[in-house]
Amino acid sequence: QRQVVESGGGLVQPGGSLRLSCAASGSIFSINDMGWYRQAPGKERELVAIITSALLTNFADSVKGRFTISRDNAKNTIYLQMNNLKPEDTAVYYCNARVRVTRWSSFNAYWGQGTQVTVSS
């Protein structure tokens, strides 16, 4: 079994900061990309930030300069540091990990259950 678990969401005022964590666990041979996505009410899920196993990163234009993503390969964990948060960042944030369970298997995507981030005064 493989599991992806997020933590760190909550309520924060505009201009504030939050740090999200995501850990993948279970029977894992290797992990390729890991990333954060978000879904606001009435909207489709969108990519926020992604980081490869080589630590290359990519961000949505809406969060560039405010969010950073980092990764600890030894712990199969990624982090999303969110600064200068805005009300439009309010959403459920989901973690995604592309996992290979054996040397010969293909990569499959695993999703966490999501963590709520609310930016409001």
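What percentage of the 121 residues of the protein chain count as buried? In this predicted model the share is 40%, where buried denotes a relative accessible area under 20%, exposed one over 50%, and partly exposed the range in between (1.4 Å probe, protein chains only). Because the model is predicted, local features need pLDDT of at least 70 and side-chain atom pairs count only at pLDDT 80 or more, whereas totals for chains, interfaces and linings use all residues. Residues are numbered from 1 along each chain as its sequence is written, and side-chain values use heavy atoms, with hydrogens and water left out.

The protein chain has 11 strands and 0 helices, these elements being DSSP runs numbered from the N terminus (helices, H or I, at least four residues; strands, E, at least two). Its radius of gyration, taken over C-alpha atoms, is 14 Å, close to the 14 Å that the globule rule gives for 121 residues, so the chain is as compact as a globular protein of that length; the rule itself is 2.2 Å times the number of residues to the power 0.38. Along the principal axes, the C-alpha atoms fill a box of roughly 50 × 25 × 25 Å. Of the contacts in the protein chain with a separation of 6 or more, 55% involve residues 24 or more positions apart, a contact being defined by heavy atoms within 4.5 Å. The protein chain exposes about 6,500 Å², of which carbon and sulfur atoms supply 48%, as obtained by the Shrake-Rupley method with a 1.4 Å probe.

Strand S11 (residues 115–119) shows an alternation of side chains, in which Thr115, Val117 and Val119 point to one face and are buried, while Gln116 and Thr118 point to the other and are not. Strand S2 (residues 10–12) pairs with S11 in the parallel sense over 3 bridges, and Leu11 stands opposite Thr118; pairing here requires that DSSP finds at least two bridges between two strands. S9 pairs with S11 in the antiparallel sense, also over 3 bridges, with Tyr93 opposite Thr115.

Asn96 belongs to strand S9 (residues 91–100) and, at 8% relative accessibility, counts as buried. When residues up to four places away in sequence are not counted, Asn96 touches Asp33, Met34, Gly35, Tyr37, Ala109, Tyr110 and Trp111.

The structure holds 1 aromatic pair. The ring centres of Tyr37 and Trp111 are 5.0 Å apart and their planes lie at 65°, so the pair is edge-to-face; rings of Phe, Tyr and Trp (its six-membered ring) pair if their centres lie within 6.5 Å, with planes under 30 degrees apart counted as stacked, over 60 as edge-to-face and the rest as tilted. Since Tyr37 lies in strand S4 (residues 30–39) and Trp111 in strand S10 (residues 108–111), the pair ties together parts that are 74 residues apart in sequence. Trp111 is partly exposed, with a relative accessible area of 39%.

Charges over rings were also examined, the criterion being NZ of Lys or CZ of Arg within 6 Å of the ring centre and within 35 degrees of the ring normal. Arg19 lies over the face of Tyr79, at 4.1 Å from the ring centre, and the charged end of Arg45 sits over the ring of Tyr94, 3.7 Å from its centre.

Positive phi values occur in two loops. Leu55, which is not a glycine, has a phi of about 70° and lies between strand S5 (46–51) and strand S6 (57–59), where Leu55 is partly exposed at 46% relative accessible area.
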